[in-house]
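These entries record what I looked up in one structure, in the order in which I looked.

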Amino acid sequence: MDIVYLSNLRIETIIGIYDWERKTKQTISLDLEMATDVAKAAMSDDINDACDYKAVAKRLIDFVGNSEFFLIETLAEQVSQIILQEFKISWLRLRVDKLDAVRGAQGVGVIIERSQS
């Protein structure tokens, strides 16, 4: 299994349960590890045979930036389904980090793993 990853993709979004969180965008950070076979892309040197991480990033920036979830768990699940359904990914590990959400902590969040059924 080969891994393509995106690290510390920062996106401003509405996330949280408190009144102030429903009005003020906060920064979240996404770390993704996506399983794919890179052999074909390595042989062809063609982006059409690869997991296009720029396309993944653009899709997530658009989706997350326009979302308004209460829970990071919901955001994580929705992001994982987008990756699995729209890109050539068989498995992923996703870390969603809500930065500066708790005093004294750099961030809080969830890590989930999902695969194609």
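Entry 1: V96. I listed the contacts of V96 in this predicted model, leaving out residues up to four places away in sequence. V96 touches I28, S29 and L30, then I72, L75 and A76, and finally V108, G109 and V110.

Entry 2: the core. I next looked up the largest nonpolar core, which has 30 residues. V96 is among those with the most contacts inside this core, together with L30, M34, L60, L75, I83 and L94. I then asked which elements each supply at least two residues of this core. They are β1 (2–15), β2 (26–36), α2, α3, β4 (91–99) and β5 (107–115). Helix α3 gives the most, with seven residues. For context, I note that nonpolar side chains tend to be buried together in soluble globular proteins.

Entry 3: helix α3. I checked the length of α3, which has 15 residues. From its first C-alpha to its last, α3 reaches 21 Å, close to the 21 Å expected at 1.5 Å a residue. I found I72, L75, A76, V79, S80, I82, I83 and L84 of α3 to be buried. The buried residues of α3 pack against β1, β2, α2, β3 (68–69), β4 and β5.

Entry 4: helix α2. The end C-alpha atoms of α2 are 18 Å apart, which agrees with the expected span because 13 residues at 1.5 Å a residue should span 18 Å. The buried residues of α2 are V56, A57, L60, F63, V64 and G65, and they pack against β1, β2, β3 and α3.

Entry 5: the helix pair. I looked up how α2 (residues 53–65) and α3 (residues 72–86) pack, and recorded an angle of about 145 degrees with the axes 11 Å apart. Their crossing is right-handed. On the α2 side, V56, R59, L60, F63 and V64 make the contact; on the α3 side, L75, Q78, V79, I82, I83 and E86 do so. By type, the contact residues divide into eight nonpolar, one polar and two charged.

Entry 6: V4. I turned to V4, which is found in strand β1. Is V4 buried or exposed? V4 has a relative accessibility of 14%, and buried means under 20%, so V4 counts as buried. Leaving out residues up to four places away in sequence, V4 touches L32, E33, M34, T36, V38, C51 and Y53. I also looked up the separation of V4 and E77, which lie 73 residues apart along the chain; their C-alpha atoms are separated by 19 Å.

Key. Residues are numbered from 1 along each chain as its sequence is written. This is a predicted model: local features need pLDDT of at least 70, side-chain atom pairs count only at pLDDT 80 or more; totals for chains, interfaces and linings use all residues. Side-chain values use heavy atoms; hydrogens and water are left out. Axes are lines fitted to C-alpha atoms, for helices over the stretch in contact, and angles run from 0 to 180 degrees between N-to-C directions. Helices (H or I, at least four residues) and strands (E, at least two) are DSSP runs, numbered from the N terminus. A crossing is left-handed if the near helix is turned anticlockwise from the far one by less than a right angle, and right-handed if clockwise. Contact means heavy atoms within 4.5 Å. Ala, Val, Leu, Ile, Met, Phe, Trp, Tyr, Cys and Pro count as nonpolar, Asp, Glu, Lys and Arg as charged, and the others, Gly among them, as polar. A nonpolar core is a set of buried Ala, Val, Leu, Ile, Met, Phe, Trp, Tyr and Cys residues joined through side-chain atoms within 4.5 Å. Buried means under 20% relative accessible area, exposed over 50%, partly exposed in between (1.4 Å probe, protein chains only). The expected span of a helix is 1.5 Å times one less than its number of residues.
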